[in-house]
Amino acid sequence: MGLGKWIAGALGWAIFGPIGGILAFWLASKSEEKAEIEEEQTWNQGQRNSFLMSLLVLSASVIKADGKTSSQELSTLRKFFTQNFGAQAGHEAENVVRSLLNQDYNLYEVCSQVRSCMDYSQRLQLFHYLVALGACDGLHKKELDILEVIASYIGLSKTEIESIFAQFRPSNDSNYRILEIDASATNEEVKKAYRKMAMKYHPDKVATLGKDVQKAAEEKFKAVNQAYEAICKERGI
């Protein structure tokens, strides 16, 4: 599905509050398409559209974190959306974000709307997407800073932030950080952490957002399993 239809259709909660205000200019230009497909929208599609619109707005915040936007960053954005949502989505995502880059908006208000309207699992997946986008061309200091701010504003804990960062920034203790524990954890604590993380990041948690989002969620789930297997091998358990 192209981004035009994501925006033109019923957006659920994203149509209200600061996110709706930011996207109002685009909605107006899509009024005819909206009339054509609005009847086909379901509650799940409204949730999905709202998720994707939030991803676009926050992606723009990450891209312009250093005060400048390069063609490489926009190319990375297009490639990221193409890989995750299809070629048409990649092209239209770039067009939308180009417009968003020229807008000033209150990041705290945007994140507050996300926090109040998205469930916990959706917020984790949203942040995972944002880190993956930033990591496409290397996570730079200002990108890390804005990502940490976004994560805090949408209600994620420090260990959750570090867990997702660890997937994209390998280190000697990244397997432990992915499981949200440290290297001093006992074998029982490692097993308990794995069970908790496997439940937290199970792809079924975001099934209502569509198969492509659910497939992306499998990447974090896979990282959790790989981290656990590596620790077990290291410890001989």
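A residue is taken as buried when its relative accessible area is under 20%. By this criterion, 50% of the 237 residues of the protein count as buried in the predicted model. The accessible surface of the protein comes to about 11300 Å², and 49% of this surface belongs to carbon and sulfur atoms.

The confidence of the prediction may be considered before the details. The mean pLDDT of the protein is 84, with 87% of the residues reaching 70 or more. Over residues 32-41, by contrast, pLDDT stays under 50, and for this segment the model has 10 contacts beyond four places in sequence.

As to secondary structure, the protein has 14 helices and 0 strands, so that a reading along the sequence gives the pattern α-α-α-α-α-α-α-α-α-α-α-α-α-α. Among the contacts in the protein with a separation of 6 or more, 75% are accounted for by residues that stand 24 or more positions apart.

Aromatic side chains were examined next. The structure holds 8 aromatic pairs, one of which is formed by F80 and F81. The ring centres of F80 and F81 are 5.7 Å apart and the ring planes lie at 75°; because planes over 60 degrees apart count as edge-to-face, the pair is assigned to that class. F80 is buried, since its relative accessible area of 4% falls under the 20% cut-off, and F81 is likewise buried, with a relative accessible area of 0%.

A further pair is made by F85 and Y129, whose ring centres are 5.7 Å apart and whose planes lie at 50°. This angle is neither under 30 degrees nor over 60, and the pair is therefore tilted. F85 belongs to helix α6, which covers residues 71-85, whereas Y129 belongs to helix α9, which covers residues 120-135; the pair therefore ties together parts that are 44 residues apart in sequence. Both F85 and Y129 are buried.

The residues of these two pairs can also be viewed together, for F80, F81, F85 and Y129 form one aromatic cluster with F51. The cluster thus includes the edge-to-face pair of F80 and F81 as well as the tilted pair of F85 and Y129.

An aromatic ring also takes part in an arrangement with a charged side chain. K220 lies over the face of Y201, at 4.9 Å from the ring centre.

Conventions. Residues numbered from 1 in each chain as written. Predicted model: local features only at pLDDT ≥ 70, side-chain atom pairs only at ≥ 80, totals over all residues. Heavy atoms only, no water. pLDDT = per-residue confidence, 0-100. Contact = heavy atoms within 4.5 Å. Phe/Tyr/Trp six-rings, centres within 6.5 Å; stacked < 30°, edge-to-face > 60°. Buried < 20%, exposed > 50% of the residue type's maximum accessible area, 1.4 Å probe, protein only. Helix = DSSP H or I, 4+ residues; strand = E, 2+ residues; numbered from the N terminus. Lys NZ or Arg CZ within 6 Å of the ring centre and 35° of its normal. Areas by Shrake-Rupley, 256 points an atom, 1.4 Å probe, with all protein chains shown as cover.
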